[in-house]
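Work through the exercises below with the model open. Try each task before reading its solution.

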Amino acid sequence: MADLQALAQAIITGDQNTALEVTKAAIQEGTAPKKILDEGLIAGMNTIGERFKNNEVYIPEVLIAARAMKSALQILEPELVKAGVEPVGSLVVGTVQGDLHDIGKNLVAMMLKGAGFNVIDLGVDVAPEEFVAQAKKANVQLVGLSALLTTTMPSMERTIKAIKEAGLSAKVMIGGAPVTQDYADKIGADGYSPDAASAVDLAKSLIA
Ligand code: B1M
């Protein structure tokens, strides 16, 4: 019987080979894909997220864990689709126009994927119209904006304005080193989070 605790542990330690092996074994044994996701991948990413929040691990450990999660998810995703498992929620995420920083945004995207969200990553330097078009196309519940430069923070405001003008119901969450809760309130964002682990809590609360 595949050991899902071992899978969670492999995610936590970023052991990609073991994560893949246990996921494959669990699928072959007929373990429900949702159980593999919840008790293996999400459990592991939750633990790493908590440790990151508590400063017990740092960015490199999170990136390595996320890489292991991503590999395992690649073979699990077709099984989840076959089993008709619905994602926890859906969002488009990107770094706003003029800004090329993507390390933080990638971490946020990976943590959300790890928490069971369907994440559409639009990349960097994303124009407001592109956020609107993609959010509309995928009919997502959330739009996530990241900015690392004080000079690109106004792109967040422009994007929120464009989303509102387009009449989309998606809620907007923002983050990035120069961003604050005050700024989020000022530009009409629905939520702000200071780090990738809190971004998961925020996303869940915004769609609750
Ligand atoms: Co740039 N850069 N950079 N840079 N860079 C900073 C941001 C800077 C603070 C450095 C400095 O001067 N001390 C400064 C900004 C100053 C300011 O605006 N006040 C700066 C500058 C000026 C620039 C250039 C203008 C430099 C130049 O060319 N003269 C230029 C701009 C290019 C552009 O974007 N148009 C530039 C370029 C670059 C590189 C390309 C070389 C590279 C980016 C590589 C990449 O991302 N692929 C780079 C880097 C690496 C940095 C630093 C060193 C590190 C940023 C980072 O990745 N942090 C940075 C200085 C620093 O922070 N020490 C700096 C780690 C990352 C995990 O944190 O992104 O904050 P962060 O994400 C966190 C949270 O903020 C939060 O969760 C993450 C994980 O906990 N979060 C969210 C982020 N997005 C979120 C979204 C959410 C929720 C939470 O919801 C959707």
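**Exercise 1. Place N139 and D125.**
Task: Is N139 buried or exposed?

Solution. N139 is exposed, with a relative accessible area of 65%. Buried means under 20% relative accessible area, exposed over 50%, and partly exposed in between (1.4 Å probe, protein chains only). N139 sits in the loop between α6 and β3. Helices (H or I, at least four residues) and strands (E, at least two) are DSSP runs, numbered from the N terminus. N139 is not a glycine, yet has a positive phi of about 50°. Most residues other than glycine have a negative phi. Now take D125, in the loop between β2 and α6. D125 is not a glycine either, and its phi is positive, about 55°. D125 is partly exposed, at 40% relative accessible area.

The model is predicted: local features need pLDDT of at least 70, side-chain atom pairs count only at pLDDT 80 or more, and totals for chains, interfaces and linings use all residues. Residues are numbered from 1 along each chain as its sequence is written, and side-chain values use heavy atoms, with hydrogens and water left out.

**Exercise 2. Lay out the sheet.**
Task: Find the strand order, then say which strands stand at the edges.

Solution. Start with the order: β2-β1-β3-β4-β5, an open sheet of five strands with parallel pairing. Edge strands β2 (118–121) and β5 (191–192) each have a single partner strand, so one side of each lacks a neighbour in the sheet. Two strands pair if DSSP finds at least two bridges between them. β3 (residues 142–146) and β4 (residues 171–175) pair over five bridges. Within that pair, V143 is bridged to V172 of β4. Next, add a helix: α5 (residues 103–114) touches β1 (90–95), β2 and β3. Contact means heavy atoms within 4.5 Å.

**Exercise 3. Find the metal donor.**
Task: Which protein residue donates to the cobalt atom of the ligand?

Solution. H101 is the single protein donor, through NE2, 2.2 Å away. Donors are N, O and S atoms within 2.8 Å of the metal (3.2 Å for Na, K and Ca); water is not among the atoms, so sites may look incomplete. H101 lies in the loop between β1 and α5.

**Exercise 4. Read the two faces of α7.**
Task: Which residues of α7 are buried?

Solution. List them: M153, S155, M156, T159, I160, A162 and I163. Their cover includes α6, β3, β4 and α8 (181–187). Now turn to the face away from the buried side: it carries the exposed residues K161, K164 and E165. Just after α7, G167 takes a positive phi of about 75°.

Key. Axes fitted to C-alpha atoms, helices over the stretch in contact; angles between N-to-C directions.
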